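Hi there,

Here is the structure I promised to pass on to you. Have a look at it first, and my notes follow underneath.

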Amino acid sequence: MSLNSNYYCSVLKICTETRNIAQAKKIHCHILRTIKDPETFLLNNLVNAYSKLGDLTYARNVFDKIPQPNLFSWNTILFTYSKSGCLSEMKDIFNRMPKHDGVSWNSLISGYASRGLVTDAVKGYRSMLRYGGADLNRITFSSMLILSSSQECFDLGRQIHGQIVKLGFGSYVFVCCPLMDMYSKAGFVYDAKRVFDETPERNVVMYNTMITGLLRYGMVEDSWWLFHSMQEKDSISWTTMITGLTQNGLYREAIDLFREMRIEGLAMDQFTFGSMLTGCGGLIAPKEGKQVHAFVIRTNHQDNVFVGSALVDMYCKCKLITSAEAVFKRMTQKNVVSWTALLVGYGQNGYSEEAIRIFRDMQRNGVTPDYYTLGSVISSCANLASLEEGAQFHGQAIVSGLFFFTTVSNALVTLYSKCGSTEDANRLFNEMNFRDEVSWTALISGYSQFGKADETIGLFQKMLAHGLKPDEVTFVGVLSACSRAGLVEKGYQYFESMVKEHGITPVVDHYTCMIDLLSRAGRLEEARRFINKMPMPPDAIGWSTLLSSCRLHGDLEIGKWAAASFQELEPHNPVGYILLSSIYAAKGKWDHVSELRRGMRIKGVRKEPGCSWIKYKGKVHIFSADDQTSPFLDQIYAELEELNHKMVEEGYVPDLSYVLHDVEESQKTKMLTYHSERLAIAFGLIFIPPGLPIRIVKNLRVCGDCHNATKIISKITRREILVRDAVRFHLFKDGTCSCGDFW
C-alpha cells in the first residue's frame, strides 16, 4: 500500500467520524486527479466511507469502478445495502459474489432480520448451515435470537438455542444475552435464569439483561438479590432497577434507589430521569418531582424530548397543570408523546375543553396523533358530553385507520354511551374485532347511567360468560343499575360477589352505590347502619345522596346526622348546608333555614352560582338563573311562558319547597321558572332542529322541581333532553328520566 493511499484512508476515516460528507467528496475528487489507478484497498475505504455517511449512490458508483473487487469489497457494499434496508440490491450483490464468508452470510441474515422478515432470514440461515457452516459465529446466532424475540417466534428461538449448545457457543456472553432476553420476553423466565446460571463468565450486560427479565414478571425480590450480588454495576444496572421498580408500582423504592445512585456519582441518562419522573408522578410526589426537575436542569437534560415529556406527565399527575404547561412551552422539541402527555393531563384534571384545544394545536403544528392521543381526546369529548366534536374525531379515526385500535374504539363506545346514544354505542361495540374488559365496562356503564338495568345486568352476565374479569369500574356500573331500578336484594348480591367471587376490595365508589341503592328505596335507617359499618367514611357524593333521599322522604333526623357528617368531612362545601336547608324549607322551618345561612356566612361558605350551558354551531351559550344577558332573551322567555301553560295543562305543579327563600308563592314560582337549566332548554328548543337531542351541562345538581319539569317538557315537545349535572347524567324522554323519580 502506497503512502498516498495510507494518507487518503486516514483522512477518509476522519470524514466518517465527523460526519463530513462534503469533505469526503473533495477527497474523492483529489484521489481521481492525483492517482491514475487507485488501489483496491483505497477504493474499498471510499466505499466504506460513503456507506457510513449514508450515500448509497456514491458507494455503489465507486464499487462498480473497482477493477478487481476482493471479498472485502463485496462485503462492504453488501453490508451497506443490508444496513440501509435495500434488500433487493442486497440479494443481487450476494448472488453475484464469487465467494462468501461469515461476514457475507451475517450481512444477508441481519438485513432480513432487521426488517422482521422471518422467512427470508431463516432461509438465509439454513443456506449458511448447508454451504457455510464453518463460518457460523456468535453474530449469526445473536441476529437470529434477536429476530425470534422481536417477532415473537419463540419456537424458532428454542431451535436456535439447540444449535448453539450443539455447536459449542453456549458460553459466549454475546450469544447468551439475546438468548436470555428471548426467553424472558416469551414468559420463560426460569429458562432465562438457567441460561444465566450455566454461563461460566458473566459480565454486567448479562446481569442487566437478567434483572430486566425478572422485573418484567414482577419477581422483585429475585431482582434485588441479583442486583446486590453484582460486583460491578454500571449506570444501566441502576437505571434498569429503577425502571423495573416503577413498572411494578414500587415508586417509593425507585425514588430511594435514585438517591443512592446520585450518591454513587454515576452518570444518568434520559431513561433514568424518565423512570424517576414516572415514579414521582405515580406516587403524586411533587416535592421529589421538583427536585428531579432541578437535577435535570443541572445535568443539561432539559432539552431532551423524552425527559421533557416525562416532566409534563409528572406535573400533570401531581395536579400541577400550570407547571406542566410551563415545561411544555419551554421544550425546544416536541413529539406526539409530549403533546399527548399534556392533553391527557388536562383531561384527567377536569380540563376537557383545554384537552380538545391542545389536540387542535397539535394538528396545526403538523404532529400526527397516534391511537393513544386520539383515544384521549375522544374521552375528553365524552366527559363534556360533546357528541358533535366527538363525532368529528370518530370520522378522523375511520379515515386514519386508528379506529381499529381497541383504545380508540373503547373511547368511542364511552363517548356515545355518555351522550345517551346507547344504540350507537352498542353498534360500535358489536363492530369491534377485539373486545377487552374496558370495552365491556364502557357499554355496561353506558347502559347503567341511563337507567337500563336489564341491559346492564344482561351484558354483565355475558361478560362473565366470555371469561373476562370485571374490575372495580364494572361493578360501579352494575351496582348503579341495580340502584336506579330499585333492585335492592340483587344489588346486595353483586356487592358480596364482588368480594367473595372476584376478589375485589370495595372502594368508596362502591359504598356510595350501596348508599344510593338503599336511599332510593327509602330504606334510610338501613343506609345509616350500612354507613356506620363502612371501613371508611362516605365521600361528598355519598353524603349528598343520602341527604337528597332525606329531603325526598322528609326524614329530618337522619338528614341532620348526614349533614353534620358532611360538614365535618368538607366544612367549606356548600352542598351539605343547602340540602339540609331544603329539608327545613320543605317542612316550613324558615328559622332553621336562616340559621343555616348565617352559619355559612360566618364560616365563609359560599354557594356556587348555578349555571347551565348548551353548545350550538360550535359556540357555547351560558345561562345563569334569571339571566338578563342573553341576546335571545325575549325569545327564550316567550318560549318558557308557552311551555309553562302547556305544563300546567299536563298536571305540573311547582314544588315551591325547592325555593330556599321565605317569599310570596308567586315569586317562588317565578324563581323556579327561570332556573338556568330551563333557560338553556328553552334555547335548545328554539335553535336545535327537531329530531336532534338537546344537550345541557349544569355545574350544580339539578333541583327536584326542574327534574320533574324537564320530564314534562320532554313529553310535551317530544324531544330527548340530555342533562349532565354535577352528580350524574339524565336522559329525559317521553316524560321519563333515566334515573327515575330520584334525581
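**What I found**

At the start of helix 19, the backbone nitrogen of Phe306 has a side-chain oxygen of Asn304 within 2.8 Å. Please keep in mind as you read that this is a predicted model.

Helix 19 is a good place to begin. It covers residues 305-317, which makes 13 residues, and its first and last C-alpha atoms are 18 Å apart, close to the 18 Å expected at 1.5 Å a residue. Its buried residues are Val307, Gly308, Ser309, Ala310, Leu311, Val312, Met314, Tyr315 and Cys316. What do the buried residues of helix 19 pack against? Their partners are helix 17 (270-283), helix 18 (286-298), helix 20 (321-330) and helix 21 (336-348). Just after helix 19 comes Lys319, with a positive phi of about 65°.

Val312 turns up again in the largest nonpolar core, which has 191 residues. Together with Leu374, Ile378, Leu415, Phe530 and Leu546, Val312 is among the residues that touch the most other members of that core. If residues up to four places away in sequence are not counted, Leu374 touches Phe359, Phe393, Gln396, Ala397, Ser400, Leu402 and Val408. There is also a second, separate core of 31 residues, and Phe623, Leu640, Ile694 and Cys706 are included in it. As general background, nonpolar side chains tend to be buried together in soluble globular proteins.

Phe530, from the largest core, also appears among the buried residues of helix 32 (residues 524-533). The others there are Leu524, Glu526, Ala527, Arg528 and Ile531. These buried residues of helix 32 pack against helix 30 (488-500), helix 31 (508-520), helix 33 (540-553) and helix 34 (556-569).

**The sheet**

In what order do the six strands of the open sheet come? The order is 2-1-3-4-5-6, and the pairing is mixed. Strand 2 and strand 6 (736-737) are at the edges with a single partner strand each, so one side of each has no neighbour in the sheet.

Here is how some of the pairs look:

- Strand 1 (residues 611-616) and strand 2 (residues 619-624) run antiparallel and are joined by six bridges. Opposite Tyr616, in strand 2, stands Lys619. The two strands form a hairpin with two residues between them, and Lys617 in the turn has a positive phi of about 55°.
- Strand 1 and strand 3 (residues 694-698) also run antiparallel, joined by two bridges. Ser612 has Lys698 as its bridge partner in strand 3, while its bridge partner in strand 2 is Phe623.
- Strand 4 (residues 721-724) and strand 5 (residues 729-733) are paired in the antiparallel sense over four bridges. Ile721 has Phe732 of strand 5 opposite it.

**Aromatic rings**

How many aromatic pairs are there? The count comes to 31 aromatic pairs. One of them is the edge-to-face pair of Tyr616 and Phe683, at 6.1 Å centre to centre and with 80° between the planes. This pair links distant parts of the chain, since Tyr616 is in strand 1 and Phe683 is in helix 39, 67 residues apart. Phe683 has a relative accessible area of 1%, so it counts as buried. Tyr616 and Phe683 also belong to one aromatic cluster with Phe623, Phe632 and Phe687.

**Two more residues to look up**

Tyr674 sits in the loop between helix 38 (665-673) and helix 39 (676-687). Is Tyr674 buried or exposed? Its relative accessibility is 12%, so Tyr674 counts as buried. From C-alpha to C-alpha, Tyr674 and Tyr637 are 8.5 Å apart in space, and they are 37 residues apart in sequence.

At the other end of my list is Thr16, which has its place in helix 1 (residues 3-17). Thr16 counts as buried because its relative accessibility is 15%. Neighbours within four places in sequence aside, Thr16 is in contact with Ala49, Lys52 and Leu53.

Happy browsing, and do write back with any questions.

Best wishes

Terms used. Residues numbered from 1 in each chain as written. Predicted model: local features only at pLDDT ≥ 70, side-chain atom pairs only at ≥ 80, totals over all residues. Heavy atoms only, no water. Expected span 1.5 Å × (residues − 1). Buried < 20%, exposed > 50% of the residue type's maximum accessible area, 1.4 Å probe, protein only. Contact = heavy atoms within 4.5 Å. Polar contact = N/O pair within 3.5 Å; in protein donor to acceptor, adjacent residues only side chain to side chain. Pairing = 2+ DSSP bridges. Core = buried A, V, L, I, M, F, W, Y, C linked by side-chain atoms within 4.5 Å. Phe/Tyr/Trp six-rings, centres within 6.5 Å; stacked < 30°, edge-to-face > 60°.
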